[in-house]
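User: I would like to take a close look at one part of a protein model and see how it sits among its surroundings. Please keep the explanation suitable for a first-year student.

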Amino acid sequence: MPFLLLVALVLGIDQFSKYIIRANFRPNESLPVINSVFHLTYVNNPGAAFGLLAYKTPVFVGVTLLVAVIILVAYRFLPPGRILLRLALALMLGGALGNLIDRLRFGYVVDFLDFRIWPVFNLADIAIVSGVILLCWELLGPAGEQGKSL
């Protein structure tokens, strides 16, 4: 799948899911899906992961734009065979842009996936973490194994 198409797909799914939550929930409203295990809980998160550095939106916007530029430059120099690295960068960029759009529109990120043992998060966060895991897998994996599919 082409890089920008995957970025757009991650971004679109993220923004659509947040739209559904905002349209159907009030802030802090929670709906049990699996009681005491998984809930949909609408949270406006003005900070970073775990709500750290709340209300530092200009800092988050600046950092996200810098990371986006770094990802785009890194992508440009990747050899064509590095499929997992390309996937990792696309997931990270799509997720970062999804949360950036929230920060620019609302001043906070819309979170809603609530497993009760972890802070509430969203699909963009899943894409970012998945991308980081793939990036680490590729960069820290055994020499000669990098670039192959799982």
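How many of the 24 residues of α3 are buried, and what does this say about its place in the structure?

Analyst: The model is a predicted one, and the description below should be read with that in mind. In helix α3, 17 of the 24 residues are buried, so the helix is largely enclosed by the rest of the structure. Here a residue counts as buried when its relative accessible area is under 20%. From its first C-alpha to its last, α3 reaches 35 Å, close to the 34 Å expected at 1.5 Å a residue.

The surroundings of α3 can be followed through the other helices. The buried residues of α1 are covered by several elements, including α3 (83–106), α2 (57–76) and β3 (109–114). Helix α1 covers residues 3–24, and its end-to-end reach of 32 Å is close to the 32 Å expected for its 22 residues. Among its buried residues are Phe-3, Leu-6, Val-7, Val-10 and Lys-18. Seen down the axis of α1, the buried residues fall within an arc of 155°, so they line one face of the helix. A general rule helps here: an α-helix has 3.6 residues a turn, so residues three or four places apart point the same way. On the other side of α1, the exposed residues are Leu-4, Leu-5, Phe-16, Tyr-19 and Asn-24.

Helix α2 also meets α3, for what covers the buried residues of α2 includes α1 and α3. The buried residues in α2 are Thr-57, Phe-60, Val-61, Thr-64, Ala-68 and Ile-71. Viewed down the axis of α2, they fall within an arc of 100° and so line one face of the helix. Pro-58, Leu-66 and Arg-76 are exposed on the face of α2 turned away from its buried side. The end C-alpha atoms of α2 are 29 Å apart, which agrees with the 28 Å that its 20 residues should span at 1.5 Å a residue.

The chain beyond α3 deserves attention next. Helix α3 is followed by Gly-107, whose phi is positive, near 85°. Val-109 then has its place in strand β3. This valine is buried, with a relative accessible area of 3%. Leaving aside neighbours within four places in sequence, Val-109 is in contact with residues including Asn-99, Asp-102 and Arg-103, as well as Lys-18 and Val-43. Val-109 and Gly-94 are 15 residues apart in sequence, and their C-alpha atoms are 14 Å apart in space. After β3, in the loop that leads to α4, lies Arg-116. Arg-116 has a positive phi of about 70° although it is not a glycine, and it is partly exposed, with a relative accessible area of 42%.

Finally, α3 takes part in the lining of the largest pocket, to which α2, α3, β3 and α4 each supply at least two residues. This pocket has a volume of about 670 Å³. Of its 27 lining residues, the closest to the centre are Ala-48, Ala-49, Asn-99, Asp-125 and Ile-128. By class, the lining has 19 nonpolar, five polar and three charged residues. Asn-99 thus appears twice in this account: among the residues closest to the centre of the pocket, and among the contacts of Val-109.

Notes
Residues numbered from 1 in each chain as written. Predicted model: local features only at pLDDT ≥ 70, side-chain atom pairs only at ≥ 80, totals over all residues. Heavy atoms only, no water. Helix = DSSP H or I, 4+ residues; strand = E, 2+ residues; numbered from the N terminus. Expected span 1.5 Å × (residues − 1). Buried < 20%, exposed > 50% of the residue type's maximum accessible area, 1.4 Å probe, protein only. Arc of directions from axis to C-beta. Contact = heavy atoms within 4.5 Å. 1 Å grid on protein atoms, 1.4 Å probe; cavity = no way out; pocket = protein on both sides within 12 Å on 5 of 7 lines; lining within 4 Å. Points joined across faces, edges and corners; volume = space filled by probe spheres on them. Nonpolar A, V, L, I, M, F, W, Y, C, P; charged D, E, K, R; others polar.
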